[in-house]
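Thanks for making time this morning. I would like to walk you through one model, going from its overall build to a few particular residues, so please have the structure open as I speak.

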Amino acid sequence: MGNVLVTYFSASGSTRKVAKKLSEAIGATLFEIKPVQTYTGRDLNWNDKNSRSTLEMNDKSSRPAIAEKIDASGYDTIFIGFPIWWYTAPRIINTFLESGDFSGKKIILFATSGGSGLGNTAADLKASAPNATIISGKIFRANANVEELKTWAESYE
């Protein structure tokens, strides 16, 4: 696979669990996409039309600030994990992709979800990394096992 980066955003911890297991399974560097302002339970209340996550997801131009960037130039393949919000990636993933140069990189998406699939997520993110190849990957449960993750990741070699 070459040099591999597993990066993720996790609001509740589910995606973090999968990302850590994935990075261990394939021997990849692990990087957390952290928002400058941490999401609270109130921010994540999708039933509240005025919650932070609802407002961000209803505004396609929203770009929540990230705490730090990573230089992805040394990586060939980048796995990006996140929870599914409103049938797509949270806007902070756009912020991450727009914060660096991902030209020529293979980006493979993975997500955690209580029931939604990846849908059009890869297409939704394309404008944020136009010179990268973005591959719609797979939805995992937080308790996905290391072997399952390794087999899945190696299928993209």
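Let me begin with a definition: a residue is called buried under 20% relative accessible area, exposed over 50%, and partly exposed in between, with a 1.4 Å probe and protein chains only. Please keep in mind that this is a predicted model, in which local features need pLDDT of at least 70 and side-chain atom pairs count only at pLDDT 80 or more, whereas totals for chains, interfaces and linings use all residues. Residues are numbered from 1 along each chain as its sequence is written, and side-chain values use heavy atoms, with hydrogens and water left out.

Now the overall build. The protein has five helices and five strands, where helices (H or I, at least four residues) and strands (E, at least two) are DSSP runs numbered from the N terminus. Read from the N terminus, the order of these elements is β-α-β-α-β-α-β-α-β-α. The C-alpha trace spans about 45 × 30 × 25 Å along the principal axes. As for the radius of gyration, taken over C-alpha atoms, the globule rule is 2.2 Å times the number of residues to the power 0.38; for 157 residues a compact globule would come near 15 Å, and the protein, at 15 Å, agrees with that.

Of the 157 residues, 47% are buried. If we take contact to mean heavy atoms within 4.5 Å, then among contacts with a separation of 6 or more, 75% are between residues 24 or more positions apart.

Let me turn to the interior. In soluble globular proteins, nonpolar side chains tend to be buried together. A nonpolar core here is a set of buried Ala, Val, Leu, Ile, Met, Phe, Trp, Tyr and Cys residues joined through side-chain atoms within 4.5 Å. The largest such core holds 29 residues, and those touching the most other members are Ile80, Phe82, Ile93, Leu97, Phe102 and Ile107. At least two residues of this core come from each of β3 (77–83), α3 (91–98), β4 (106–112) and α4 (121–126), and the largest share, four residues, is supplied by α3. Leaving aside neighbours within four places in sequence, Leu97 is in contact with Ile80, Phe102, Ile107, Leu125, Ser128 and Ala129.

There is also a second, separate core of 18 residues, which includes Tyr8, Ala19, Ile26 and Tyr156. Tyr156 sits in the segment after α5 (146–154), and its relative accessible area of 18% is why Tyr156 counts as buried. Its C-alpha atom is separated by 9.3 Å from that of Thr77, although these two residues are 79 apart along the chain.

Finally, some loop residues. Which residues in the loop between β3 and α3 deserve a look at their backbone angles? Trp86 is in that loop, and so is Tyr87; phi is near 55° for Trp86 and near 70° for Tyr87, each a positive value in a residue other than glycine. Trp86 is partly exposed, at 33% relative accessible area, whereas Tyr87, at 62%, counts as exposed.

Gly117, in the loop between β4 and α4, lies 7.0 Å from Tyr87, C-alpha to C-alpha, with their positions 30 residues apart in sequence numbering. Gly117 is partly exposed, with a relative accessible area of 41%, and, apart from neighbours within four places in sequence, Gly117 is in contact with Ile84 and Ile139.
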